Amino acid sequence: MDSARIYENCQNRLLDLAATLDGTQLGTVVPACPDWTVQQVYAHLAGLSADVVSGQVTPPAGDEVTGRQVADRAHLGIGEISAQWRESAPALLEIMRTESRRRYSLPALDVWHHENDIRGALGLGARTEDADQLADFPLGGLAKGWPAELPSVRVVATDTGQEWNLGEGAALTLSGTAHELARAVTGRRSLAQILALDWTGGDPAPVAPFLPTLPAAKSDLEV
């Protein structure tokens with residue numbers, strides 16, 4: 001995955017967006033992260049960047065760490081949060097370019113999904129750039145570690161032609177756009193939404209809970 005490029009592009013778009021948001025928009029609760037407002041998601045992104053650069057955090061970051069990142073910036077305005085994020089990002093991008101371990105690609109997944117989380121909260125359309133890579137990263141991991149006792153699943157990205165085989169064979173087939181698959185397997189779709197995707201070959205109920213690599217969303221999400 002071209003992690004540094006993806007991260008930089010998402011950050012640039014989010015910083016441009018932040019400069020246009022008013023207080024009401026910044027205070028909007030983000031359904032994909034219901035404990036956070038739009039501004040608090042920005043605070044987390046700035047905090048994660050600073051923490052990885054300083055060596056305080058090796059991705060991924062748990063809930064306690066992300067909560068601290070937000071709390072530490074509760075007194076700041078969006079301009080100050082954006083400035084912090086902009087300041088630490090070049091060093092983070094260098095780490096992402098030079099580190100070969102997969103965990104250092106995780107900030108790219110984080111910012112790509114949070115960009116869509118924020119856009120969803122504000123009633124904006126999805127950003128689907130690089131969805132092929134954002135789908136491949138978690139689905140490739142699932143393919144390597146799919147529980148042998150579960151039915152196998154062939155996953156097909158209808159717009160990119162990508163395929164992943166979870167387990168041996170293809171007892172079930174799941175089809176969707178790369179964006180939809182990326183969101184579904186990274187905790188941005190509810191279990192009901194995952195079950196409502198385009199499945200063929202049988203009942204997806206036994207496998208659907210094992211697709212999200214992060215906890216499934218508690219409520220349905222549009223973006």
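In this predicted model, helix H6 is followed by Gly123, a residue whose phi is positive, near 75°. The helix that precedes this glycine, H6, comprises 16 residues and reaches 22 Å from its first C-alpha to its last, which is close to the 22 Å expected at 1.5 Å a residue. Of the 16 residues of H6, 14 are buried, so that the helix is largely enclosed by the rest of the structure. Gly123 also serves as a reference point for Leu48, since the two are 75 residues apart along the chain and their C-alpha atoms are separated by 25 Å.

A positive phi is also found in the loop between H6 and H7, where Asp130 is placed; phi of Asp130 is near 65°, a positive value in a residue other than glycine. Most residues other than glycine have a negative phi, and most peptide bonds are trans. With regard to the peptide bonds, a cis bond joins Pro59 and Pro60, with omega at about 5°, and Pro60 belongs to the loop between H3 and H4.

Helix H7, spanning residues 131-145, contains 15 residues and extends over 22 Å from its first C-alpha to its last, close to the 21 Å expected at 1.5 Å a residue. The buried residues of H7 are Ala131, Leu134, Ala135, Phe137, Pro138, Leu139, Gly140 and Leu142. These buried residues pack against helices H1 (3-18), H6 (106-121) and H8 (178-184), and also against the strands E3 (153-157) and E4 (163-166).

Two packed helices are described by the angle between their axes and the distance between the axes. For H1 and helix H5 (residues 78-98), the angle is about 170° and the axes are 10 Å apart. Because angles over 145 degrees count as roughly antiparallel, H1 is roughly antiparallel to H5. On the side of H1, the contact is made by Ser3, Ala4, Tyr7, Glu8, Gln11, Leu14, Leu15 and Ala18, while H5 contributes Ile78, Ser82, Trp85, Arg86, Ala89, Leu92, Leu93, Met96 and Arg97. By character, the residues of this contact of H1 with H5 divide into eleven nonpolar, three polar and three charged.

Individual positions elsewhere in the chain were examined in the same model. Leu48 is situated in helix H3 (residues 38-54) and, at 10% relative accessibility, counts as buried. When residues up to four places away in sequence are not counted, Leu48 touches Val57, Ala61, Gln69 and Asp110. Asp72, by comparison, occupies the loop between helix H4 (63-71) and H5, and is partly exposed, with a relative accessible area of 42%. The C-alpha atoms of Asp72 and Ala43 are separated by 8.5 Å, although the two residues are 29 residues apart along the chain.

Gln193 is part of helix H9 (residues 191-195). With a relative accessible area of 17%, Gln193 is buried, because the cut-off for that class is under 20%. A polar atom of the side chain of Gln193 lies 2.7 Å from the backbone oxygen of Leu221. Leu221 is also one of the residues with which Gln193 is in contact once its neighbours within four places in sequence are left aside, the others being Arg188, Ser219 and Asp220.

Methods: Residues numbered from 1 in each chain as written. Predicted model: local features only at pLDDT ≥ 70, side-chain atom pairs only at ≥ 80, totals over all residues. Heavy atoms only, no water. Helix = DSSP H or I, 4+ residues; strand = E, 2+ residues; numbered from the N terminus. Expected span 1.5 Å × (residues − 1). Buried < 20%, exposed > 50% of the residue type's maximum accessible area, 1.4 Å probe, protein only. Contact = heavy atoms within 4.5 Å. Axes fitted to C-alpha atoms, helices over the stretch in contact; angles between N-to-C directions. Parallel < 35°, antiparallel > 145°, perpendicular 65-115°, else oblique. Nonpolar A, V, L, I, M, F, W, Y, C, P; charged D, E, K, R; others polar. Polar contact = N/O pair within 3.5 Å; in protein donor to acceptor, adjacent residues only side chain to side chain.
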